[in-house]
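Thanks for making room on the agenda; I would like to walk you through one model, and I will give each cut-off as its term comes up.

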Amino acid sequence: MTEFTGLSAFPLTPFKDDAVDERAFASLIERLADAEVDSITALGSTGSYAFLDPEERAGVARLAVEYAGTTPVFVGVGALRTSHVLANVADAERAGASGVLLAPMTYQPLTHDEVFELFRAVTERTELPVIVYDNPGTTHFSFTVDLYARIAELPGIASIKIPAVPADPKGAADHVAAIRAVIPEHVTIGVSGDAFAAAGLNAGCDAWYSVIGGTLPDPALAITRAAQQFRADEALAESARLEPLWSLFSEFGGSLRVVAAIAEQLGLAPRRCLPLPIQGLGAADRVRVAEVVAELGLNDELGLHDV
């Protein structure tokens with residue numbers, strides 16, 4: 001499952017006038033492909049999948065595959081009803097996706113058996129590899145290691161996207177090892193929670209499912225390649241350099257609004273690019289984001305030294 005290793009970049013789905021800005025999205029995808037990320041995951045939480053209707057989602061999937069060139073594209077297919085998930089899977093197949101990302105969305109709380117049956121229904125209906133998306137901050141469902149083990153035995157499960165690992169190196173290594181011990185060898189483990197990506201990769205995770213990588217691939221690639229080449233201290237140092245950015249993620253309740261502000265500042269997305277009712281950051285907070293971007297030299301990726 002080599003496609004499910006390395007850096008998987010999660011781009012925004014920019015909006016303009018309450019519709020997907022297809023030109024901006026295509027440009028984001030081209031930029032990621034040019035940066036040579038290992039894969040692109042469209043319609044993840046950073047891509048606001050839950051806010052798009054089925055037609056919009058199908059269109060975004062087609063654009064992602066079209067503009068990614070030879071870079072593998074995974075497509076988020078989560079929805080509240082299993083029939084809707086399966087329809088999204090079919091659209092991803094038609095688009096030419098290399099895999100699908102499935103989060104157990106819920107309004108009524110789901111049981112572990114219900115989530116297992118959701119994944120079984122999907123794996124029985126598609127030959128596309130499936131990434132298990134554990135994102136309790138947005139889905140309000142928490143996986144257990146035992147549930148990982150049950151789902152990972154289903155045919156077609158390719159990877160598990162886990163939340164942030166413990167910051168302590170031993171704790172991180174023990175956590176990843178506990179998951180590795182109960183899942184098949186071919187199923188990769190991907191870390192999320194960008195501030196802890198270096199720790200997760202150093203602890204044995206195979207992939208980084210990255211928010212910041214979808215907008216600023218170069219620093220994310222620097223961390224990933226250092227960890228892959230067993231330069232653990234370098235990966236940690238590069239992550240520590242980005243601590244002002246991780247602090248903004250924490251302060252503003254997550255990464256989405258911060259990343260949107262960065263993309264807007266750098267001209268990668270139109271102003272107010274998030275789907276309503278999400279308003280994005282206010283003017284004062286945007287200034288703070290711009291200051292961090294300049295401080296870290298992140299605008300140098302586009303040559304925008306004076307932005």
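I will go through the aromatic pairs, then two buried residues, then the largest pocket.

This is a predicted model, in which local features need pLDDT of at least 70 and side-chain atom pairs count only at pLDDT 80 or more, while totals for chains, interfaces and linings use all residues. Residues are numbered from 1 along each chain as its sequence is written, and side-chain values use heavy atoms, with hydrogens and water left out.

The structure holds 6 aromatic pairs, where rings of Phe, Tyr and Trp (its six-membered ring) pair if their centres lie within 6.5 Å, and planes under 30 degrees apart count as stacked, over 60 as edge-to-face and the rest as tilted. Phe4 and Phe74 are a stacked pair, because their ring centres are 4.6 Å apart and their planes lie at 10°. Since Phe4 sits in the segment before strand S1 (6–9) and Phe74 in strand S5 (residues 73–76), this pair ties together parts that are 70 residues apart in sequence; helices (H or I, at least four residues) and strands (E, at least two) are DSSP runs, numbered from the N terminus. Phe4 is buried at a relative accessible area of 2%, and Phe74 is buried at 0%, where buried means under 20% relative accessible area, exposed over 50%, and partly exposed in between (1.4 Å probe, protein chains only).

By contrast, Phe119 and Phe143 have ring centres 6.4 Å apart and planes at 70°, so that pair is edge-to-face. Phe119, Phe141, Phe143 and Tyr148 form one aromatic cluster.

Turning to the two buried residues, Val60 lies in helix H2 (residues 54–68) and is buried, with a relative accessible area of 1%. Leaving aside residues up to four places away in sequence, Val60 touches Thr13, Val20, Phe25, Ala42, Leu43 and Leu52, contact meaning heavy atoms within 4.5 Å. The C-alpha atoms of Val60 and Thr13 are separated by 7.9 Å, although the two are 47 residues apart along the chain. Arg31, which is found in helix H1 (residues 22–35), also counts as buried, at 16% relative accessibility, and its side chain reaches the backbone oxygen of Thr215 at 2.5 Å.

Finally, the lining of the largest pocket divides into 19 nonpolar, 15 polar and 4 charged residues, with Ala, Val, Leu, Ile, Met, Phe, Trp, Tyr, Cys and Pro as nonpolar, Asp, Glu, Lys and Arg as charged, and the others, Gly among them, as polar. Lining residues have an atom within 4 Å of a point on a 1 Å grid, a pocket being an open set of points where a 1.4 Å probe fits, with protein on both sides within 12 Å along at least five of seven lines.

Note on methods. A polar contact is a pair of N or O atoms within 3.5 Å; within protein, one must be able to donate a hydrogen and the other to accept it, and residues adjacent in sequence count only if both atoms are side-chain atoms.
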